[in-house]
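Me: I should like a close look at one part of this model. Please describe the largest nonpolar core and its surroundings in a connected account.

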Amino acid sequence: MKAVVFDNSGTLVHRYRIIKDLSSGEFITNINSLDLIDKMETAALVVLQFNIDCLKKINQDMRVWDLIVDYDIGYDVSYSSMPVSDDEVDEILRNDDTIIADITEGLPILMEEVPRMELCIGSALILNVAEKRVAYTITTAGQLFENAADTVSKLQGNGIEVYIASGDRKGAIKMLAAFLDVPASHGYGSVTTEGKAGVVKSLKDKGYEVMMVGDGPNDVLAFSHADVAVLTLEQTGNAPDSLKSKADHVINDISQVLDIDF
């Protein structure tokens, strides 16, 4: 039995991000959120479990914490530069004054970049844990890479089971799985670096040979547990040698996984 586990952003989906620096009010479009977190000593990426389209209909001056409480919205830490507890995250969000407008103000810029926002539309926060504040808001959207759907279909046609394990919003991964005709039970959203590795280990424990396909540092732990580790550069165009060294194969187009025997 064989299985391929795909990351989502930068792997199956070309992800676009608008990041707002809450200290300066400036918008950043040319940096990966994980790279930004890795440059901070105490940072955590908090994925908000709601569809951003709904935010446009709500009072823009409402605090994000009040939105979370009033609408019973979940959130998950999907990546961090250091260990952070749920209590620490709760305390930071509860006492922070970030408002909905800090998230939605990035939408017009995002729509210029991605006029046809297909998938993985969502939002997140980057917390500065040491300073106990929200440092950045992130607004995101994506489009499938040109060969992604065909690649998934061909893998399944060859009897290979396809899974998606991503730090992105759970609802977005559920929608992506349906879009690609991947069973809902094979889609894992809002998983941490350790969670991705857990998906790979679980499949191996069931007797599968597993290929892990990803594009960033949050995929490295899963790489180490997979039978075959594939780093894709389709979004970034390049990667540090330290990241390339963790992969068995480095590809530039998602369709190239079809040429890898495992």
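Reply: The following account takes up the core, then one of its members, and then a residue in contact with that member.

The model is a predicted one. Its largest nonpolar core has 31 residues, of which L48, L55, L67, Y75, L93, L125 and L127 touch the most other members. At least two residues of this core are supplied by each of β4 (43-48), α2 (64-70), α3 (86-95), α5 (107-113), β6 (119-128) and β7 (133-144). The largest share, four residues, is that of α2. As a general background, nonpolar side chains in soluble globular proteins tend to be buried together.

L67 merits attention in its own right. Leaving out residues up to four places away in sequence, L67 touches F50, L55, I58, M62, D72, I73 and I100. Apart from the core just described lies another core, of 26 residues, which includes V4, L155, M211 and V257.

Among the residues touched by L67 is D72, placed in the loop between α2 and β5 (75-80). D72 counts as exposed because its relative accessibility is 71%, and exposed means over 50%. The backbone at D72 has a positive phi of about 55°, although D72 is not a glycine. Most residues other than glycine have a negative phi.

A positive phi is also found at D181, about 60°, and D181 is likewise not a glycine. D181 lies in the loop between α7 (170-179) and β9 (187-188). With a relative accessibility of 61%, D181 counts as exposed.

How values were computed
Residues numbered from 1 in each chain as written. Predicted model: local features only at pLDDT ≥ 70, side-chain atom pairs only at ≥ 80, totals over all residues. Heavy atoms only, no water. Core = buried A, V, L, I, M, F, W, Y, C linked by side-chain atoms within 4.5 Å. Buried < 20%, exposed > 50% of the residue type's maximum accessible area, 1.4 Å probe, protein only. Contact = heavy atoms within 4.5 Å.
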